[in-house]
Amino acid sequence: MTPPEYSNHTVANARIHAGNRLRSWDLLKTFAIFLVIWGHVEQFLVSGAEADRTVYRTIYSFHMPLFMTMAGFFYAMTLKSSIVRNILDKTRRLLLPWVTWFAITCLVIALLDEAFLSSPRPKIFFWQSYWFLKSAFACGLVALIPLTLPRRYFWSASLLTTVGCQLLVRVPVLNLPFMYPCFLLGIIIYRYYDKFYTYRKQLCVFCSIAWFICLLFLDGDAYRRFLGDYSMDVSHTKLDVLFWMSYRNLVGITGAVAFIALSEILFATNRFQNAFTDTMVRIGALTLGIYTVHTILIQFIMGHYVNFDFLPPFVFDFIISPAIAIVTLFICSAIVRITEKNRYTSWLLLGTRFPRKTATLSRTKVDADLSN
């Protein structure tokens with residue numbers, strides 16, 4: 001069975017086949033990966049409970065839902081005509097880089113901690129490392145159900161798979177209860193992109209207000225419940241769990257839609273096309289590599305040697321932390337571009353097509369970019 005063809009009915013696909021990348025979405029990907037790096041700087045370069053810091057809670061309320069929504073959008077855009085081809089393509093694009101970067105990261109950690117390889121930690125780290133890649137792969141597998149069924153069953157299959165994923169709350173690495181609704185949202189935005197674009201201003205206003213209201217109640221204790229930590233409330237019920245799961249999805253989805261709609265308002269046309277936005281677009285095409293490289297730099301190397309506890313929280317949160325994130329973003333971009341220059345490192349580390357003798361590097365790079 002082959003997926004139904006949705007692409008002929010979307011402006012997004014028309015823009016791609018006109019020879020243009022979606023600038024608004026590449027710019028948004030740059031913004032999202034900046035938030036990921038900023039969040040990790042907040043998490044690993046100061047001590048204390050990150051849940052008690054407003055900047056950290058705000059970033060983590062929506063940045064991964066935003067990323068997963070974009071993943072679903074591009075998944076629908078690059079959907080293959082065969083289920084097997086879809087699975088093989090995403091295995092190469094997501095699981096191969098995960099395994100390769102896991103091995104590299106283990107080597108880095110072993111150099112910093114001699115006891116690492118002889119401890120149980122490598123087995124634990126194997127499952128926990130680069131969780132987003134595994135989650136995106138799992139979301140793609142589940143999404144094949146509504147995408148491969150006849151079109152008239154799309155909404156019912158989407159609802160059933162969403163409800164089914166909520167039952168997988170005890171599979172923390174994949175995080176499907178939280179991530180799959182966002183992934184599916186990206187597919188829906190792609191399918192109905194014309195309508196999304198038409199109502200982008202209304203969606204931006206409505207979702208921004210809803211997201212802001214949700215944030216007003218997201219203090220430290222709420223954020224811990226948000227993540228399923230009920231240690232401060234041992235008498236919680238299943239209804240409490242359902243409420244906080246729903247609240248978490250609401251915050252993430254409203255924040256993601258607000259920023260996607262805002263990006264479409266600002267950047268869907270060439271109104272802001274200049275050298276700076278062109279650079280940001282190029283960085284947006286490198287997010288997979290930036291995600292993996294920055295994890296090593298921030299979490300394991302800087303997290304091992306650097307600590308900013310001596311700084312006032314305001315100075316760290318709003319000056320030092322974003323500055324480190326910006327510098328790291330450009331460093332990682334440069335490293336990824338160097339990695340792209342070799343066909344074999346590009347294949348192993350970035351999941352581009354297998355290097356064949358007849359293939360050129362430029363063709364491999366184009367294929368990789370279109371798969372993002």
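This report describes the helices of one predicted protein chain and several of its buried residues.

The model is predicted, and local features are described where pLDDT is at least 70, side-chain atom pairs only at pLDDT 80 or more, while totals for chains, interfaces and linings use all residues. Residues are numbered from 1 along each chain as its sequence is written, and side-chain values use heavy atoms, with hydrogens and water left out.

**The chain as a whole**

The secondary structure consists of 17 helices and zero strands. Both are DSSP runs numbered from the N terminus (helices: H or I, at least four residues; strands: E, at least two). Of the 372 residues in the chain, 53% are buried; buried denotes under 20% relative accessible area, exposed over 50%, and partly exposed in between, with a 1.4 Å probe and protein chains only. Of the contacts (heavy atoms within 4.5 Å) between residues at least 6 apart in sequence, 78% join residues at least 24 apart.

**Helices H3 and H12**

Helix H3 (residues 54–77) packs against helix H12 (residues 238–267) at an angle of about 65°, and their axes are 8 Å apart. Axes are lines fitted to C-alpha atoms, for helices over the stretch in contact, and angles run from 0 to 180 degrees between N-to-C directions. On the H3 side, Ser61, Phe62, Pro65, Leu66 and Thr69 take part; they meet Val251, Gly252, Gly255, Ala256, Phe259 and Ile260 in H12. By class, this contact of H3 with H12 has seven nonpolar, four polar and no charged residues. Here Ala, Val, Leu, Ile, Met, Phe, Trp, Tyr, Cys and Pro count as nonpolar, Asp, Glu, Lys and Arg as charged, and the others, Gly among them, as polar.

Ile260 of H12 counts as buried, at 0% relative accessibility. Leaving aside neighbours within four places in sequence, Ile260 is in contact with Trp25, Leu28, Leu66, Thr69, Ile189 and Phe196. The C-alpha atoms of Ile260 and Leu203 are separated by 9.4 Å, although these residues lie 57 residues apart along the chain.

**Helix H13**

In helix H13 (residues 275–284), the buried residues are Thr277, Met280, Val281, Ile283 and Gly284. Seen down the axis of H13, these residues fall within an arc of 160°, so they line one face of the helix; the arc is that of the directions from the helix axis to the C-beta atoms. An α-helix has 3.6 residues a turn, so residues three or four places apart point the same way. The cover over the buried residues of H13 includes helix H2 (23–44), helix H14 (287–305) and helix H15 (313–340).

**Polar contacts**

A polar contact is a pair of N or O atoms within 3.5 Å; within protein, one must be able to donate a hydrogen and the other to accept it, and residues adjacent in sequence count only if both atoms are side-chain atoms. Asn274 caps the N-terminal end of H13 through one such pair.

| Side chain | Partner | Distance |
|---|---|---|
| Asn274 (oxygen) | Phe276, backbone nitrogen | 3.1 Å |
| Thr295 | Tyr291, backbone oxygen | 2.8 Å |
| Thr352 | Ser346, side chain | 2.9 Å |
| Thr352 | Trp347, backbone nitrogen | 3.3 Å |

Thr295 is found in helix H14 and is buried, with a relative accessible area of 7%. Thr352 is placed in the loop between helix H16 (343–350) and helix H17 (361–371), and is buried at 1%.

**Two residues with positive phi**

Tyr130, in the loop between helix H5 (121–128) and helix H6 (131–148), has a positive phi of about 45° although it is not a glycine. Tyr130 is buried at 4% relative accessibility, and Thr295 touches it. Asn175, in the loop between helix H7 (154–166) and helix H8 (176–191), has a positive phi near 55°. Asn175 is buried, with a relative accessible area of 16%.
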